[in-house]
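Here are a few notes to read alongside the structure. Keep it open while you go through the points.

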Amino acid sequence: MAMVMAAVLSENVSLEDFMANPPECMEWVDGQIAEKNGMTVKHSRIQSRLDYCWRSYKISSGPGGEVYTEVPCRTDRRVRRPDVAYLTPELVAQYGDVPTLPQSPPLIAEIVSPTDIAEEIFLKAQEYLDSDCLEAGVVFPESRWILLMTQSQKLTFNLGSTVSTQLVLPGFSVAVDELLA
């Protein structure tokens, strides 16, 4: 079943063909190429801030690796493009510049758009976790809270609190107000 948030553009595209040449702003969902849509200015601002925060932290704290936006990655069922993703130095060395990562990044963030359906966003986060992702953050810009999920816990953070990664990027934290302001 295709996600409601994505407009289906093409049917019956093989996973291998899509992974070899992933089109921009597209995901492979159940054999179909689907466009991600519903991004707003607020969504883009939060994506940029989170990219900056993770990138600054990995540079200043020395874990290395790379931070990406909209990087195509394979889950166990689909090819997705998380809004922001972090890859460890080992994964960067292993996969270099492949067109599509063959697994989920260990740390991802999805920013909820007005057109997203809550249940589908939660299922998407779980899909990442089922495919080598260690931490999945779901950012709710309008409600102004963040859900951070691992295999064993689900933590919520709202205005006035500080969100901290649990397993990836040890020691990273950012005030929710700063990220969602």
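**Notes on the cysteines and the cores**

1. Let's start with Cys133: this residue is buried, with a relative accessible area of 3%. Bear in mind that we're looking at a predicted model.

2. What is the closest cysteine sulfur to the one in Cys133? That would be the sulfur of Cys73, and at 8.4 Å it is too far for a bond, because a disulfide needs the two sulfur atoms within 2.5 Å.

3. Now have a look at Cys53. Cys53 is buried too, at 12% relative accessible area. Cys53 takes part in no disulfide, and its nearest cysteine sulfur, the one in Cys133, is 18 Å away. In fact, searching the whole structure turns up zero disulfides.

4. Cys53 also shows up among the residues that Phe172 touches. Leaving out residues up to four places away in sequence, Phe172 is in contact with Cys53, Trp54, Tyr57, Val163, Ser164 and Thr165.

5. Next, the largest nonpolar core, which has 23 residues. Which of them have the most contacts inside it? They are Trp54, Tyr86, Ile146, Leu169 and Phe172. At least two core residues come from each of α2 (41-61), β7 (84-87), β8 (107-111), β10 (145-149) and α5 (176-180). The biggest giver is α2, with five residues.

6. Don't stop at that one, though: there is a second, separate core of 19 residues. Leu101, Leu129, Phe140 and Leu147 are among its members, so try picking those out on the structure as well.

Key. Residues are numbered from 1 along each chain as its sequence is written. This is a predicted model: local features need pLDDT of at least 70, side-chain atom pairs count only at pLDDT 80 or more; totals for chains, interfaces and linings use all residues. Side-chain values use heavy atoms; hydrogens and water are left out. A nonpolar core is a set of buried Ala, Val, Leu, Ile, Met, Phe, Trp, Tyr and Cys residues joined through side-chain atoms within 4.5 Å. Buried means under 20% relative accessible area, exposed over 50%, partly exposed in between (1.4 Å probe, protein chains only). Helices (H or I, at least four residues) and strands (E, at least two) are DSSP runs, numbered from the N terminus. Contact means heavy atoms within 4.5 Å.
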